[in-house]
Amino acid sequence: MTGSGDAHGSASLLLVDDDRLILGTLAAGLRHMGYRVAVADSVEQAEALLGGGLHPDLAIVDVRLPGRDGLSLAQRLAEVDHVPFLMLSAYSDSGIVERATHSGALGYLVKPLALNQIQPAIETALQRAGELEGLRRMSAQLQAALDADREINVATGITMVQYRMARRPAFELLRNAARAQRRKLSAVAQEIVRACELLHR
């Protein structure tokens with residue numbers, strides 16, 4: 001399936017609902033709008049799609065499904081597949097809404113749904129998901145930088161002890177070694193720390 005090339009034509013969706021009529025109608029309408037849509041009528045079928053390599057931009061999951069409910073799938077989407085999702089239900093139950101929100105849902109939609117109502121929710125969720133992914137990547141980059149700084153500091157300390165140097169000359173020695181080898185300072189530092197750990201095992 002391919003998108004129509006409009007603003008959201010590249011967005012892929014996974015719809016999960018045990019009501020085949022709702023599933024088919026909603027999927028057809030969303031495809032007409034330009035979304036790429038995969039469908040599943042149970043948690044097991046959705047998991048089979050995800051396990052087979054499907055990675056949608058957004059999932060829309062009915063809370064009440066046969067067997068395992070939609071909230072169990074929501075947990076997998078959040079923790080394993082890292083797929084943002086909206087929860088869908090025929091009931092506006094505050095307890096379910098709270099559980100859905102706690103599981104990481106970006107929104108909660110109540111059936112019956114008109115396509116002109118669901119599209120703004122999808123677009124808002126996609127935008128929010130993009131913002132959250134940007135924050136997640138920034139956090140990962142910051143953590144990587146902190147980890148690299150820690151290893152550089154430890155390697156500097158090892159060099160200070162080994163060569164009986166002050167901190168600044170020890171750091172310069174490491175930096176010059178990295179330049180001479182045309183490697184990142186963090187990579188050289190990591191190697192020194194690992195070597196030291198092996199010697200002290």
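Let's start at the surface: Arg 164 counts as exposed, because its relative accessibility is 79% and anything over 50% falls in that class. Keep in mind as you look around that this is a predicted model. You can find Arg 164 in the loop between helix α5 (115-163) and helix α6 (167-181). Its backbone deserves a second look too, since phi of Arg 164 is near 50°, a positive value in a residue other than glycine.

Now move along the chain to another arginine. Arg 182 lies in the loop between α6 and α7 (185-199). Here phi is positive as well, at about 55°, although Arg 182 is not a glycine. Is Arg 182 buried or exposed? With a relative accessible area of 80%, Arg 182 is exposed.

From these loops, let's turn to the sheet. Five strands make up an open sheet, and their order is β2-β1-β3-β4-β5, with parallel pairing. At the edges sit β2 and β5 (108-110), each of which pairs on one side only. From one strand to the next, the twist averages 20°.

Take β1 as your guide through this sheet. Strand β1 (residues 12-16) runs parallel to strand β2 (residues 36-40), and five bridges join the two. One pair to pick out is Leu 14, whose bridge partner in β2 is Ala 38. To get from β1 to β2, the chain passes through helix α1 (residues 20-32), and this β-α-β crossover is right-handed. Strand β1 also runs parallel to strand β3 (residues 58-62), this time with four bridges between them. Look at Leu 15 here: its bridge partner in β3 is Ile 60.

Why can we call β1 largely enclosed by the rest of the structure? The reason is that five of the five residues of β1 are buried, and buried means under 20% relative accessible area. You can check this face by face. On one side of β1 are Ser 12, Leu 14 and Val 16, on the other are Leu 13 and Leu 15, and all of them are buried, so both faces of the strand are covered.

Helix α1, which you met in the crossover, is worth a closer look. Gly 29 lies in this helix. Gly 29 is buried, because its relative accessible area is 11%, which is under the 20% cut-off. Try finding Ala 114 from here: Gly 29 and Ala 114 are 85 residues apart in sequence, yet their C-alpha atoms are 9.7 Å apart in space.

Next, look for empty space inside the model. A search of the whole structure finds one cavity of 30 Å³ or more. The largest cavity has a volume of about 40 Å³. Its lining is made by Leu 15, Val 16, Asp 17, Ile 22, Leu 23, Leu 26, Ile 60 and Leu 88. The elements that give two or more residues to this lining are β1 and α1. Which element gives the most to the lining of the largest cavity? That is α1, with three residues. Sorted by class, the lining of the largest cavity has seven nonpolar residues, no polar ones and one charged residue. Two familiar names turn up in this lining, Leu 15 and Ile 60, and they are the bridge partners you saw between β1 and β3.

A pocket, in contrast to a cavity, is open. The largest pocket has a volume of about 410 Å³. There are 17 residues in its lining, and those nearest its centre are His 82, Val 83, Pro 84, Ala 129 and Glu 133. Helices α3 (70-81) and α5 each supply at least two residues of this lining. Of the elements, α5 gives the most to the lining of the largest pocket, with six residues. By class, the lining of the largest pocket divides into 10 nonpolar, four polar and three charged residues.

Let's finish on helix α5, where Gly 134 has its place. Gly 134 is partly exposed, because its relative accessible area of 36% lies between the 20% and 50% cut-offs. From Gly 134 you can look across to Gly 104: the two are 30 residues apart in sequence and 16 Å apart in space, C-alpha to C-alpha.

Key. Residues numbered from 1 in each chain as written. Predicted model: local features only at pLDDT ≥ 70, side-chain atom pairs only at ≥ 80, totals over all residues. Heavy atoms only, no water. Pairing = 2+ DSSP bridges. Right-handed = clockwise from strand over helix to strand, strands pointing away. Buried < 20%, exposed > 50% of the residue type's maximum accessible area, 1.4 Å probe, protein only. 1 Å grid on protein atoms, 1.4 Å probe; cavity = no way out; pocket = protein on both sides within 12 Å on 5 of 7 lines; lining within 4 Å. Points joined across faces, edges and corners; volume = space filled by probe spheres on them. Nonpolar A, V, L, I, M, F, W, Y, C, P; charged D, E, K, R; others polar. Axes fitted to C-alpha atoms, helices over the stretch in contact; angles between N-to-C directions.
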